Amino acid sequence: METSPRRRERVFGTLAGKLVGILVTFLVAALAVIGFTLLQSWTLEGGAAAINDIGSERMRTYRIVYLLSEYARGPRDEATAREVRSTVLAFETALTGVRRGDPARPLFLPRGREIAERMDAVEQSWQQSIRPAIQAALAGGGEPALQRLRHDVDPFVGRIDALVRAIETHNAEGTNVLRNLQMGLVALAIVGTVGMIYLMFLLVIRPVSVLVEGIGRLQAEDFSARVPEETRDE
């Protein structure tokens, strides 16, 4: 029974085996680069969704302060209080969604120490400062609670801005990586095409030309003509 190494040598020693092997190698390399490109574009899309959701938190924060100002200025309107609670819920839902991520959207927080630290700072500030001040204002804390919230809101929004900028910087770096991958794909296409032309000439065109030349000499009754056997394929 023929051994496996010998069988592989016989298969890849043929012209068809060589050509198929070359094409498969080129295909695997091209698919690898394309796969990295698709992964990078998916990553950038998830980061862009995070920027959009986190950026919206700034508007929600100022919206809460405005509603609480209206709530504290006049008679306590339950509709305004409900809107404040609804906006707070939307804020926390969006923040939790960014933290957990959603691959189907896609939405996720890019990895990175700076991004993680800034995200922690936003969540900590919300839980320890902003949310208690909102609850105090809703509970009838009056102007002191509202003043505390106004004092803390600008630094809090600044932390959100810093987080957004960190994600934007990460996405900018990812865009450069994507551009390099695309340039690599172009280079692979050029090098692969040139390599295929050279190998086709080396494996097919040149041997056929030598064979045609030998046949021509035989037709001219030069029976001493010989075709050199340079390879073990067809």
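In this predicted model, a good place to begin is the pairing of helix 3 with helix 4, whose axes come within 12 Å and cross at roughly 170 degrees. Because an angle over 145 degrees counts as roughly antiparallel, helix 3 is roughly antiparallel to helix 4. The crossing of these two helices, helix 3 and helix 4, is left-handed.

Helix 4 also packs against helix 5, which spans residues 142–219. Here the angle is about 160 degrees and the axes lie 9 Å apart, so helix 4 and helix 5 are likewise described as roughly antiparallel to each other. Their crossing, too, is left-handed. Sorted by class, the residues in the contact of helix 4 with helix 5 comprise 20 nonpolar, 4 polar and 5 charged ones.

The aromatic side chains come next. The model holds 4 aromatic pairs. One of them brings together Trp-42 and Phe-108, with ring centres 5.0 Å apart; their planes meet at 40 degrees, so this pair is classed as tilted. The reason is that a stacked pair needs planes under 30 degrees apart and an edge-to-face pair needs over 60, with the rest counted as tilted. The two partners come from distant parts of the chain, 66 residues apart: Trp-42 belongs to helix 2 (residues 15–73), while Phe-108 sits in the loop between helix 3 (78–100) and helix 4 (113–138). How exposed or buried are these two residues, Trp-42 and Phe-108? Trp-42 is partly exposed, having a relative accessible area of 36%, whereas Phe-108 counts as buried at 17%. The cut-off that places Phe-108 among the buried residues is 20% relative accessible area, since buried means under that value.

A further aromatic pair, formed by Phe-91 and Trp-126, is stacked, with 4.1 Å from centre to centre and 20 degrees between the planes. This pair also links distant parts of the chain, as Phe-91 lies in helix 3 and Trp-126 in helix 4, 35 residues apart. Both partners count as buried: the relative accessibility is 0% for Phe-91 and 1% for Trp-126. Phe-91 and Trp-126 are also part of a cluster, in which ring pairs link them with Phe-156.

The loop that carries Phe-108, between helix 3 and helix 4, has another feature to look for. Pro-106 is found in this loop between helix 3 and helix 4, and a cis peptide bond joins Arg-105 to Pro-106, with omega at about -10 degrees.

Two serines complete the picture with polar contacts made through their side chains. Ser-69, placed in helix 2, counts as buried at 11% relative accessibility. Which side chain does the side chain of Ser-69 contact? The partner is Arg-150, and the polar contact between the two side chains is 3.0 Å. Ser-129 is located in helix 4 and is buried as well, with a relative accessible area of 15%. A polar contact of 2.7 Å joins the side chain of Ser-129 to that of Asp-152.

Helix 4 is thus a useful landmark for a first look at the model. Trp-126 of the stacked pair lies in helix 4, and so does Ser-129. Helix 4 is also roughly antiparallel both to helix 3 and to helix 5.

Terms used
Residues are numbered from 1 along each chain as its sequence is written. This is a predicted model: local features need pLDDT of at least 70, side-chain atom pairs count only at pLDDT 80 or more; totals for chains, interfaces and linings use all residues. Side-chain values use heavy atoms; hydrogens and water are left out. Rings of Phe, Tyr and Trp (its six-membered ring) pair if their centres lie within 6.5 Å; planes under 30 degrees apart count as stacked, over 60 as edge-to-face and the rest as tilted. Helices (H or I, at least four residues) and strands (E, at least two) are DSSP runs, numbered from the N terminus. Buried means under 20% relative accessible area, exposed over 50%, partly exposed in between (1.4 Å probe, protein chains only). Axes are lines fitted to C-alpha atoms, for helices over the stretch in contact, and angles run from 0 to 180 degrees between N-to-C directions. Angles under 35 degrees count as roughly parallel, over 145 as roughly antiparallel, 65 to 115 as roughly perpendicular and the rest as oblique. A crossing is left-handed if the near helix is turned anticlockwise from the far one by less than a right angle, and right-handed if clockwise. Ala, Val, Leu, Ile, Met, Phe, Trp, Tyr, Cys and Pro count as nonpolar, Asp, Glu, Lys and Arg as charged, and the others, Gly among them, as polar. A polar contact is a pair of N or O atoms within 3.5 Å; within protein, one must be able to donate a hydrogen and the other to accept it, and residues adjacent in sequence count only if both atoms are side-chain atoms.
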